[in-house]
Amino acid sequence: MLRASLLLTLSLLSYSGDPRSEGRSGCRFERPRAWTAGDVTWLGRCRGGFADGSGVLLNAVKGQQGERFYGQLHQGRLNVGVLQTGQGNIPGTWAGGVVAEKLADDMAQRNAIIVAFQAAADASTSVSKSFAKKGDVKASRFYAKQARSLRDQMD
């Protein structure tokens, strides 16, 4: 029994499976599992060593159009928002780097999607304002346009 407990403890200590290994020191986050390559950047606030709050994850893959996650991160983990890919938008509540399974109740699913798009639009607006304060008009306009586009998805 003691041997099994010791082996379990050793395996847990050697496990470096915390998905929040992306980003710079003091602002770690998990990447969406769909992003298997590329350099991921967090545009948002950091708290307690992790990306936290409203913002945008940008995945830059050389030779490809960048993909983005617009929404909320909590302690470096994807929480709610929209993953924008070349194939379309993936809205919802997120856990473990993937969107949660579709809800059985159609109205609840619809509401979850609306909440995700609202969080995404708010995140894009926040990033737009941040770039405006820094004087980067081009980036500010880009994210303001993205916010309008994300809000339009709720109509």
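Which residues in the largest nonpolar core touch the most other members? In this predicted model, they are Y70, V82, Y143 and L150, out of 14 residues in that core. Three elements give two or more residues to this core: β5 (77-85), α2 (106-133) and α3 (137-152). The largest share comes from α2, with seven residues.

V82 is a handy place to start looking around. Leaving aside residues up to four places away in sequence, V82 touches R68, F69, Y70, N89, I90, P91, A116, F117, A120 and L150. Y70 and L150 thus turn up both in that contact list and among the residues that touch the most other core members. A second, separate core has twelve residues, including C27, F29, W35 and L78. As background, nonpolar side chains in soluble globular proteins tend to be buried together.

Now for the empty space. Here are the two largest pockets, side by side:

| Pocket | Volume | Lining residues | Closest to the centre |
|---|---|---|---|
| Largest | about 320 Å³ | 15 residues | G44, R45, S126, V127 and S130 |
| Second largest | about 270 Å³ | 16 residues | Q65, G66, E67, T85 and G86 |

For the largest pocket, β2 (39-47), β3 (49-60) and α2 each give two or more residues to the lining. The biggest contributor is α2, with six residues. So what is the lining of the largest pocket like by class? There are four nonpolar, six polar and five charged residues.

The second largest pocket draws on other parts of the fold: β4 (67-74), β5 and α3 each supply at least two lining residues. By class, this lining has five nonpolar, nine polar and two charged residues.Last up, the charged pairs. How many salt bridges does a search of the whole structure find? It finds two. In one of them, R47 pairs with D52, and the closest N and O atoms are 2.5 Å apart. R47 is exposed, at 57% relative accessible area, whereas D52 counts as buried at 10% relative accessibility.

In the other salt bridge, R151 pairs with D122, with the closest N and O atoms 3.3 Å apart. R151 sits in helix α3 and D122 in helix α2, so this pair ties together parts that are 29 residues apart in sequence. R151 counts as partly exposed at 32% relative accessibility, and D122 also counts as partly exposed, at 34%.

Definitions and conventions. Residues are numbered from 1 along each chain as its sequence is written. This is a predicted model: local features need pLDDT of at least 70, side-chain atom pairs count only at pLDDT 80 or more; totals for chains, interfaces and linings use all residues. Side-chain values use heavy atoms; hydrogens and water are left out. A nonpolar core is a set of buried Ala, Val, Leu, Ile, Met, Phe, Trp, Tyr and Cys residues joined through side-chain atoms within 4.5 Å. Buried means under 20% relative accessible area, exposed over 50%, partly exposed in between (1.4 Å probe, protein chains only). Helices (H or I, at least four residues) and strands (E, at least two) are DSSP runs, numbered from the N terminus. Contact means heavy atoms within 4.5 Å. On a 1 Å grid over the protein atoms alone, a cavity is a set of points where a 1.4 Å probe fits but cannot get out, and a pocket is an open set with protein on both sides within 12 Å along at least five of seven lines; lining residues have an atom within 4 Å of a point. Grid points are joined across faces, edges and corners, and a volume is the space filled by probe spheres set on the points. Ala, Val, Leu, Ile, Met, Phe, Trp, Tyr, Cys and Pro count as nonpolar, Asp, Glu, Lys and Arg as charged, and the others, Gly among them, as polar. A salt bridge is a side-chain nitrogen of Lys or Arg within 4 Å of a carboxyl oxygen of Asp or Glu.
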